[in-house]
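Biologist: Please pick one spot in the loops of this model and look at it closely. Then work outward from there, so that I can see how the rest of the chain is put together.

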Amino acid sequence: MLRFPNFNIVFQEIPGEVTLAINISNCPNHCKGCHSPYLWEDTGKELNEDTMMELLDKYGNSITCVCFMGGDAEPLEVEKLAVFIQTKTEGKLKTGWYSGKNTFSSACSLKNFNYLKLGPYIKERGGLTSPDTNQRFYCIEQDRMIDKTFLFQTAKKNLL
């Protein structure tokens, strides 16, 4: 069972999208230097089709994407909700998944996501905006992962 303690509408997690970012608890990765260690605990409201529909009813007209921030303990549940979103919105909302794993779960299908972030946080290497990061951001196009990590590094340069 997935649980989420909070969510927010964000503009930086998925470039070019207005994203409902849902923070999923019970993270098994426990990355050293994690910015959200409270997500290691199994806390929050259950995230299922009913609660997802409540969020879509409330925010669906204000967003272009839903991104699951975590969920590595139950990848099939994350995928199930991504399929639910795509079905309920007839593909109008895109779906993303920020995973702390190095590879995409072999139990899941790329066709059910538009965006993926893979890789654990390694403090010395930094996050997606760092040129030294181990993390990768992908756009999914025709079941292929296209590395678009540079979008985060270009955005940071433009702000300096």
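Modeller: Let's start at Glu90, which is exposed, with a relative accessible area of 66%. Exposed here is over 50% relative accessible area, buried is under 20%, and partly exposed is in between, using a 1.4 Å probe and protein chains only. Before going on, a bit of housekeeping: this is a predicted model, where local features need pLDDT of at least 70, side-chain atom pairs count only at pLDDT 80 or more, and totals for chains, interfaces and linings use all residues. Numbering runs from 1 along each chain as its sequence is written, and side-chain values use heavy atoms, with hydrogens and water left out.

Glu90 sits in the loop between α2 and β6 (94–98). Helices and strands are DSSP runs numbered from the N terminus: H or I over at least four residues for helices, E over at least two for strands. What catches the eye is the backbone, as phi of Glu90 is near 50 degrees, a positive value in a residue other than glycine. Most residues other than glycine have a negative phi. Asp143 also has a positive phi, near 60 degrees. Asp143 belongs to the loop between β8 and β9 (144–147) and is partly exposed, at 49% relative accessible area.

Moving on to β8, Tyr138 is found in that strand and counts as buried at 16% relative accessibility. Leaving aside neighbours within four places in sequence, Tyr138 is in contact (heavy atoms within 4.5 Å) with residues including Tyr115, Leu116, Met145 and Ile146. The C-alpha atoms of Tyr138 and Lys32, 106 residues apart along the chain, are 23 Å from each other. Lys32 is in the loop between β3 and β4 (45–47), exposed at 71%. With neighbours within four places set aside, Lys32 is in contact with Tyr121 and Lys123; its C-alpha atom is 6.9 Å from that of Ile122, 90 residues away along the chain.

Now the interior. A nonpolar core is a set of buried Ala, Val, Leu, Ile, Met, Phe, Trp, Tyr and Cys residues joined through side-chain atoms within 4.5 Å. The largest one has 28 residues, and Ile22, Leu47, Met52, Val66 and Phe68 touch the most other members. Elements giving two or more residues to this core include β3 (19–23), α1 (49–59), β5 (65–69) and α2 (75–88). The largest share, five residues, comes from α2, the helix just before our loop. Apart from this core lies another, of 12 residues, among them Val10, Met69, Leu128 and Cys139.

Zooming right out, the chain has three helices and nine strands, in the order β-β-β-β-α-β-α-β-β-β-β-α. The radius of gyration is 15 Å, close to the 15 Å that the globule rule gives for 160 residues, so the chain is as compact as a globular protein of that length. That radius is taken over C-alpha atoms, and the rule is 2.2 Å times the number of residues to the power 0.38. Buried residues make up 45% of the 160, and of the contacts between residues at least 6 apart in sequence, 53% join residues at least 24 apart.
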